Amino acid sequence: MTAPIFPGLLIEHAELRLIRLPLLTPFVISTGTMTEKVIPILTLRAEGLEGYAEGVMDPLPDYLEETISGSLAFLREAVLPQLIGKRFSNPAELGAVLDPWRGHKMSKAMVEMALWDLWAKALNIPLRAALGGVRDAVDVGVSLGIADIPTTIDRVEAALQSGYRRIKLKIKRGHDLAMLKAVRDRFPDAKLTVDANTDYRLSDLPLLKAMDDFSLDYIEQPLAFDDIVDHVKVQEKLVTAICLDESIRSAVDARKALVAGAGRVINIKVGRVGGHTASRAIHDVCAAFDVPVWCGGMLEAGIGRAHNIHLSTLPNFTKPGDTSSASRYFARDIVNEALEAVDGRMAVPSNGPGIGVTLDLAFLDTLTDLREEFAA
Ligand code: OSB
Ligand code: MG
């Protein structure tokens, strides 16, 4: 007997929501302070199934160029009308709809991730299995926002006590070496990294070089969000590895950066690079260069957090990711399942196929500012 041929998924309906979710603690990075998450949520429907994704763009373009309002317009006017009524036999076929448009990787990622979730559900398998993951739990660390030194020491201590596998400290000009020395003196054996979110310039090379003294696992995105070439000049002079975040939006970017020697680690954010297919391509390019990757985060709620965990099960995600416990960010999550790390490990959510989490719809409704539906 032969297996039935998968007929593909006919997208019948799309729903776009915008929710606002307060953060328990304001999150401070070199580019600004976030006190709440404003999150666009896309639901795609086909054959009685639903696929979900969160967008990681901010209201204003302070991490990368995309904004929530621009993204909603792009999805509403260009993408979702083209999607409804189309049949897809796998998520890669989405390229025909998405690739003609420039940029907008975060908006494209929403559609792509929702389709991966839907597709895995149609196949009745976990997203992890559809992607080719090899683990059922992943190592995670924390990303600690900028704060004064005593507060930072307390936060590091609490995170280490909880068992987190790596501590990432946000830095900016004027909040770097003294803070690092204090943390390193107090925690000589902790796995520490820093993330500058683009705050430095090539003229800061002596300062960046001084960071070699602190045995950091890597220095994340010291230079401009669109730079590769100047990062090469920094990496050549440093013992510490550079990790690229903002600079990498595609597998082509990753190839160029690694050929040039702009870094030795890459942070993959599925939302930043346009979805799981692109994330997997970057993962594979890095593996070919023997460069480890890890899964970054954008303070996601439960849908995005679940996607991140499934992606992190791929074999070359060998460094701890940023997908820490949801309860560190929010008083209440938008999914019914608790996404909580135990001893620095996040279990892959498994309440059903796909991303393995279900929506707390009653709570979502209380958070929803805008809701639009797209049907044939
Ligand atoms: O650069 O990784 C980043 C949050 C917002 C914008 C950029 C970044 C971050 C984080 C947070 O580091 C990671 C997380 O806890 O989700
Ligand atoms: Mg970063």
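Student: What makes the pairing of the D245 side chain with an oxygen atom of ligand 1 a polar contact?

Tutor: The distance from that oxygen atom to an N or O atom in the D245 side chain is 3.1 Å. A polar contact is a pair of N or O atoms within 3.5 Å, so this pair counts. This is a predicted model, where local features need pLDDT of at least 70 and side-chain atom pairs pLDDT 80 or more, while totals for chains, interfaces and linings use all residues. Residues are numbered from 1 along each chain, ligands are numbered from 1 and chains lettered from A in written order, and side-chain values use heavy atoms, without hydrogens and water.

Student: How do you know that K170 and N197 make polar contacts with ligand 1 too?

Tutor: A polar side-chain atom of K170 is 2.9 Å from a ligand oxygen, and one of N197 is 2.7 Å from a ligand oxygen. Both values fall within the limit, so both pairs count.

Student: How much of ligand 1 does the protein bury?

Tutor: Alone, ligand 1 exposes 390 Å², and the protein buries 99% of that (Shrake-Rupley method, 1.4 Å probe).

Student: Why are K269, L299 and Y329 said to surround ligand 1?

Tutor: They are among the closest of the 16 residues around ligand 1. A residue is near if one of its heavy atoms lies within 4 Å, so these three belong to the shell.

Terms used. A polar contact is a pair of N or O atoms within 3.5 Å; within protein, one must be able to donate a hydrogen and the other to accept it, and residues adjacent in sequence count only if both atoms are side-chain atoms.
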